[in-house]
Amino acid sequence: CAWDSVAAGLVEELAAQGIPWVLIEPDPSRAAQLHGEGLMVITGEVDSAETFRLAGVERARAVFGNCDEVTNTNITLTVREVSPQVPVLAVVESGRSIDILELSGATQVLPLKLRLGEQMARRVNAGRAQTHVIGSFRNLVVAEFPVHNTPLAGRTLRESKLREICGVNVVAAWESAKLVPAQPDLVLGPSTVPLVVGTPEMIQALDEFLCIYDANYNPVVIIGGGRVGRAAARELRLRQVGFTIVEKRDEMRPRLEGLADRLVMGDAARREVLEEAGIEQAPSVLVTTADDAVNLYLCIYCRRLNPEARIICRITHQRNVASMQRAGADLTLSYARLGVEPVLAALQQRDLMFLGEGIELITSPVPAPL
């Protein structure tokens with residue numbers, strides 16, 4: 001129902017899978033421009049039942065409301081006038097709006113900024129070494145874990161004997177924010193983060209193996225106290241992980257003082273501010289601002305001040321992924337990709353699993369003997 005970064009990524013995925021789609025654009029001149037760029041677009045008001053009838057909503061696989069919260073509420077109510085059964089997926093900015101959209105008839109509400117913060121928090125290294133569960137597939141769990149300061153560092157995947165120790169299969173590994181295949185001769189370096197698949201019992205056995213290693217109980221540093229940063233902070237608090245928030249906007253102080261374990265007010269581009277936040281001892285750093293250029297600068301700066309930290313960086317534009325990787329980010333996560341994944345999961349009737357930027361999960365039939 002709008003052309004934005006999420007819609008652009010979604011359209012690319014739908015085209016690759018042969019799934020037809022149509023975009024509704026209220027402004028006729030803007031619709032003509034998008035049509036000229038090769039998009040399947042119709043013009044009409046998104047609060048008009050006739051618009052959705054003409055779009056074929058009664059036979060649609062889903063409606064994706066990706067406007068602001070008020071407009072998405074109108075979209076949901078309007079669609080329900082025409083079709084009570086079509087799935088409606090609606091984006092919200094604030095968690096306070098989830099109930100409103102659900103009461104309006106939305107099938108699934110997507111608080112994307114909250115989910116982005118939670119995903120970033122779940123990927124931190126803090127305290128003792130342990131796995132980070134990132135999804136499940138049928139009866140299997142998908143997780144990742146840091147090699148840093150464990151006996152696995154410096155060994156090849158074959159020499160690690162992880163399958164013999166706890167039964168998990170290493171299916172890939174993160175190396176400098178790039179996912180590489182899990183070949184037997186892959187050397188597990190200090191910054192490697194293997195991606196493993198196994199039953200819940202296998203993942204627990206891996207945790208028991210890792211638990212005595214890489215202990216760093218210093219606070220995680222969160223740069224940025226906006227919606228994403230605050231969502232990450234709440235997730236870390238649930239996990240009982242200590243954290244410090246760095247925020248330069250003084251008007252944000254009242255919101256953050258009751259949330260942060262420790263709050264440092266100031267510009268993170270200044271060394272004394274980061275040092276006050278404990279950057280040099282932090283096990284992980286979350287860079288959460290909405291400006292890619294600022295995040296790129298902060299990523300370089302944090303990497304210089306703490307070469308050992310795991311840096312997880314938010315990005316807005318896909319084109320900046322490679323630059324962020326070169327800047328020293330161990331993992332990049334974007335709002336746009338996090339918006340695409342739940343829609344694809346709903347269309348494919350599978351559980352949501354967000355592996356990382358540019359990484360897709362697909363299912364494929366295999367021969368019966370396998």
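How many nonpolar, polar and charged residues does the lining of the largest pocket have? I took up this question first, working on a predicted model.

**Entry 1: the largest pocket**

I looked up the classes and found 23 nonpolar, two polar and two charged residues in the lining of the largest pocket. The lining is made of 27 residues in total. Pro20, Trp21, Val22, Ala62 and Val63 are the ones that lie nearest the centre of the pocket. I noted a volume of about 620 Å³ for this space.

I then asked which helices and strands each supply at least two residues of this lining. They are helix H1 (5-16), strand E1 (23-25), strand E3 (63-65) and helix H15 (335-348). H1 gives the most, with four residues.

**Entry 2: the largest cavity**

Next I turned to enclosed space. Rolling a probe the size of a water molecule over the atoms shows where empty space is left. I recorded one cavity of 30 Å³ or more. The volume of the largest cavity is about 50 Å³.

Which residues line the largest cavity? I listed Glu13, Gln17, Arg337, Glu341, Leu344, Gln348, Arg350, Glu360, Leu361 and Ile362. By class, this lining has five charged, three nonpolar and two polar residues. Helix H15 gives the most to the lining of the cavity, with four residues.

**Entry 3: helix H13**

I checked the length of helix H13, which covers residues 292-305. At 1.5 Å a residue, its 14 residues should span 20 Å, and the end C-alpha atoms are 20 Å apart, so the two values agree.

At the N-terminal end of H13, I found aspartate 291 acting as a cap. A side-chain oxygen of aspartate 291 lies 2.9 Å from the backbone nitrogen of alanine 293.

I also looked up the buried residues of H13, which are Asp292, Asn295, Leu298, Cys299, Tyr301, Cys302, Arg303 and Leu305. Among the elements that cover them are strand E11 (220-223), helix H12 (271-277), strand E14 (284-287), strand E15 (310-315) and helix H14 (321-327).

**Entry 4: aspartate 292**

Is aspartate 292, a residue of helix H13, buried or exposed? I noted that aspartate 292 counts as buried because its relative accessibility is 8%, and buried means under 20%.

Leaving out residues up to four places away in sequence, I found that aspartate 292 touches Arg314, Ile315, Thr316, His317, Asn320 and Met324. Finally, I compared its position with that of alanine 15: the two are 277 residues apart in sequence and 27 Å apart in space, C-alpha to C-alpha.

Key
Residues numbered from 1 in each chain as written. Predicted model: local features only at pLDDT ≥ 70, side-chain atom pairs only at ≥ 80, totals over all residues. Heavy atoms only, no water. 1 Å grid on protein atoms, 1.4 Å probe; cavity = no way out; pocket = protein on both sides within 12 Å on 5 of 7 lines; lining within 4 Å. Points joined across faces, edges and corners; volume = space filled by probe spheres on them. Nonpolar A, V, L, I, M, F, W, Y, C, P; charged D, E, K, R; others polar. Expected span 1.5 Å × (residues − 1). Buried < 20%, exposed > 50% of the residue type's maximum accessible area, 1.4 Å probe, protein only. Contact = heavy atoms within 4.5 Å. Polar contact = N/O pair within 3.5 Å; in protein donor to acceptor, adjacent residues only side chain to side chain.
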